[in-house]
Amino acid sequence: MDKNQITGLVLMLALMTIYFQFFAPEVPEQPVEPETIETTTPAAAIQSNEVVNNAIEIVDDSLTSAIHKDRYGIFAPFAIGEAEEINIENESVKIILSSKGGVVKRVELKDYLTYKKEPLVLIDRNSSQSDLLLVSNYKPINVSELYYQSDYRKLKVEGTDSLTVKFQIAIDGGRYLEHVYTLGGTGFQLKYEINLVGMDGVIDNQDGQLTWVDNMKNVEHTLKESRAKTTINYQPIGDDFDDLGVAEGAESETIDQGLKWFAFKQRFFTAALIAENKIGKSTLSTIVDPLDSSTVKTGTAVLSLPIGDLKTGKGQYQYYFGPNDYTVQKKVINGFEQNVDLGWFIFRLVNKWLIIPIFNLLEGVISNYGVIIIILVFVIRLILAPLTYKSHMSMAKMKVLKPEMDAIKEKHDGDMQKSQQETMELYRKAGINPLSGCIPVLLQFPFLLAMFNFFPNSIELRQQAFLWATDLSTYDNVLNLPFEIPFYGSHVSLFCLLMTGSTLLYTWSNSQMNSQMQGPMKSMQYMMPFMFLFFLNSFSAGLTFYYFVSNIVSFGQMALFRKFVDEDKILKVMEENRKKNANKKKSKFQLKLEEAMKAGEEQRKQKGKKKK
């Protein structure tokens with residue numbers, strides 16, 4: 001219906017209304033008996049109302065049809081309908097698909113709960129919105145607003161089986177737009193296809209645009225910590241894994257070469273889209289609303305979908321709605337497991353090849369995660385025992401030489417260069433490498449810091465209780481303070497206090513053996529535990545408990561080593577080394593070290609002269 005026809009209908013409706021209001025003939029009154037009086041509506045009035053209502057309906061339908069025709073073109077007949085929901089599920093997820101748009105409407109993870117002990121709904125129509133724009137006759141059409149046909153209503157799949165749900169808009173027998181979803185009996189992956197069959201004359205050869213906005217729901221106890229670990233991760237085509245960062249301000253990135261996959265990654269859960277072929281040029285962004293405590297961050301992905309893939313049956317993708325579990329995600333696609341933050345390169349290697357396999361092995365036979373952490377400590381300390389013993393022996397040798405080192409310092413009081421040279425000569429003759437104690441300690445550092453990434457990001461610890469800690473993935477709270485201490489917080493973590501106390505004890509025990517630690521450095525070493533007290537108070541209880549147990553085991557290990565260290569025997573060996581090395585030339589390393597020490601001493605003297 002064109003504009004002239006619509007105008008004519010409106011004028012006819014106005015004239016009919018005026019006529020029946022002012023010029024309709026009066027209906028003659030009929031005499032009635034008083035006792036049988038009834039209220040009746042004149043037949044002419046009834047007839048006039050029906051005509052008016054029918055005319056209004058015709059005009060409304062015509063207007064709506066014209067609007068839909070202008071907005072959706074050939075797809076206008078599918079702009080009106082009733083949305084129907086299709087429920088599908090396997091052992092891991094419950095998913096609701098909607099016939100309006102043929103989209104994923106809701107995803108619930110069956111084995112997980114929110115911190116309020118409610119079902120964990122990862123996305124729903126209030127938090128997540130996706131729109132697919134296709135270009136028809138040079139006009140973009142949002143096909144996610146259309147109503148699709150599907151015969152399925154409720155389906156469940158188990159084991160090795162799978163189920164497929166199709167949503168279709170058919171222009172005729174050979175031309176249709178189709179969304180296809182396939183769910184396996186296990187896992188968190190939902191295969192997704194977009195097929196444009198026979199649509200060459202309908203859909204232009206211009207890439208589709210999929211816009212996905214996800215207001216990532218707050219499902220954890222600590223919003224601040226969740227925001228610090230929520231971002232968009234992505235894998236560019238022909239490039240390395242990357243992310244937008246975790247800053248609380250607005251972040252945005254445009255990836256011109258396209259993506260293999262991207263993920264709305266929260267602390268413990270991820271919603272992602274993975275392409276079988278590729279996703280074209282994409283813009284990803286995140287923003288935080290500080291006043292909205294129900295949303296961690298809002299992520300937006302504007303993705304180009306190659307139209308050639310959609311028209312040739314290659315528009316194949318898969319959604320991932322699931323946990324940030326390393327074992328699960330590494331089976332999805334190569335590199336997808338990097339959604340689990342295991343730290344920088346060296347720490348990631350330690351976690352990937354040592355900590356996670358040991359943890360998974362223990363998890364298979366022990367259900368209590370506190371006990372698993374204790375056993376993990378013993379296993380790691382046993383692996384590192386040779387390095388710990390070597391470091392302890394180095395400190396024992398230094399302790400035996402301490403009287404001679406003190407005599408050298410007294411002899412060259414004020415002359416640092418001569419004192420250092422003679423000390424190095426003492427080391428050389430006694431057969432001691434001054435770095436032999438440092439190297440074992442440095443080699444243990446990657447193991448220590450790997451835990452710093454492993455425990456706070458381990459979904460296995462989420463909502464697992466141990467002793468007074470109700471959730472090992474977040475801090476244990478034994479006391480709420482009526483005020484907030486800067487850099488500390490408004491709560492007291494008992495595991496963090498125990499870790500600090502045990503670290504101080506271990507540091508004191510270690511300093512009794514380390515004769516090299518003198519002066520201000522000896523006092524400074526006690527500052528680190530207090531710094532960790534403030535820094536780790538709001539960290540994972542699993543992490544602080546691990547460090548506490550590790551300190552206790554290390555303290556016992558040191559006590560055990562001391563029983564096997566014979567200082568008289570060490571002194572005897574060093575005396576024999578002195579005789580052997582009396583006429584031995586200095587190594588290249590020793591010569592370079594002496595040169596560096598001389599240069600340092602010269603710089604110190606020059607600075608002293610300038611100050612004078």
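1. Burial classes. A residue is called buried under 20% relative accessible area, exposed over 50% and partly exposed in between, with a 1.4 Å probe and protein chains only. On that scale Phe539 is partly exposed, at a relative accessible area of 21%. Phe535 is also partly exposed, at 46%.

2. Basis of the note. The model is predicted: local features need pLDDT of at least 70, side-chain atom pairs count only at pLDDT 80 or more, and totals for chains, interfaces and linings use all residues. Residues are numbered from 1 along each chain as its sequence is written, and side-chain values use heavy atoms, with hydrogens and water left out.

3. Aromatic contacts. Rings of Phe, Tyr and Trp (its six-membered ring) are paired if their centres lie within 6.5 Å; planes under 30 degrees apart are stacked, those over 60 edge-to-face, and the rest tilted. By this criterion there are 27 aromatic pairs in the structure. For Phe535 and Phe539, the ring centres are 5.4 Å apart and the planes stand at 35°, so this pair is tilted. Elsewhere, one aromatic cluster is formed by Phe167, Tyr181, Tyr192, Trp212, Phe262, Phe264, Tyr317, Tyr319 and Phe321.

4. Nonpolar surface patch. Phe535 also belongs to a nonpolar patch on the surface, together with Met527, Met528, Met531 and Phe532; the accessible area of the patch is about 500 Å². Patches are made of residues with over 30% relative accessible area and no salt bridge, like charges being joined within 9 Å and nonpolar side chains (Val, Leu, Ile, Met, Phe, Trp, Tyr) within 5 Å. Accessible areas come from the Shrake-Rupley method with a 1.4 Å probe, and for residues only the protein chains shown count as cover. Met531 lies in helix 13 (residues 527-535). Helices (H or I, at least four residues) and strands (E, at least two) are DSSP runs numbered from the N terminus.

5. Negative surface patch. Asp239, Asp240, Asp242, Asp243, Glu253 and Asp341 make up a negative patch on the surface. Here Asp and Glu count as negative and Lys and Arg as positive, while His and the chain ends are not counted. The place of a charge is taken as NZ of Lys, CZ of Arg, CG of Asp or CD of Glu. Within this patch, Glu253 belongs to strand 14 (residues 251-255) and is partly exposed, with a relative accessible area of 37%.

6. Salt bridges, partly exposed example. Side chains of opposite charge can pair when their charged atoms come close. With a salt bridge taken as a side-chain nitrogen of Lys or Arg within 4 Å of a carboxyl oxygen of Asp or Glu, the structure holds ten salt bridges. One of them joins Arg71 and Glu145, at 3.2 Å from N to O. Arg71 is in helix 2 (residues 43-72) and Glu145 in the loop between strand 6 (139-142) and strand 7 (154-156), so the pair ties together parts 74 residues apart in sequence. Arg71 is partly exposed at 44% relative accessibility, as is Glu145 at 23%.

7. Salt bridges, two further examples. Is the pair Glu225 and Arg267 buried or exposed? Both residues are buried. Their salt bridge has its closest N and O atoms 3.2 Å apart. Glu225 sits in helix 3 (residues 223-228) and Arg267 in the loop between strand 15 (259-265) and strand 16 (269-279), so that distant parts of the chain, 42 residues apart, are linked. Lys281 and Asp256 form another salt bridge, with the closest N and O atoms 3.7 Å apart. Lys281 is in the loop between strand 16 and strand 17 (282-287) and Asp256 in the loop between strand 14 and strand 15, so this pair ties together parts 25 residues apart in sequence. Lys281 is partly exposed at 47%, whereas Asp256 is exposed at 54%.

8. Backbone points. Leu467 is not a glycine, yet has a positive phi of about 55°. Leu467 lies in the loop between helix 10 (438-454) and strand 20 (479-485) and is exposed at 60% relative accessibility. Phe487 likewise has a positive phi, near 70°; Phe487 is in the loop between strand 20 and strand 21 (489-492) and is exposed at 77%.

9. Contacts between separated residues. Ser473, in the loop between helix 10 and strand 20, is buried at a relative accessible area of 1%. The C-alpha atoms of Ser473 and Ser540 are 4.9 Å apart, with their positions 67 residues apart along the chain.
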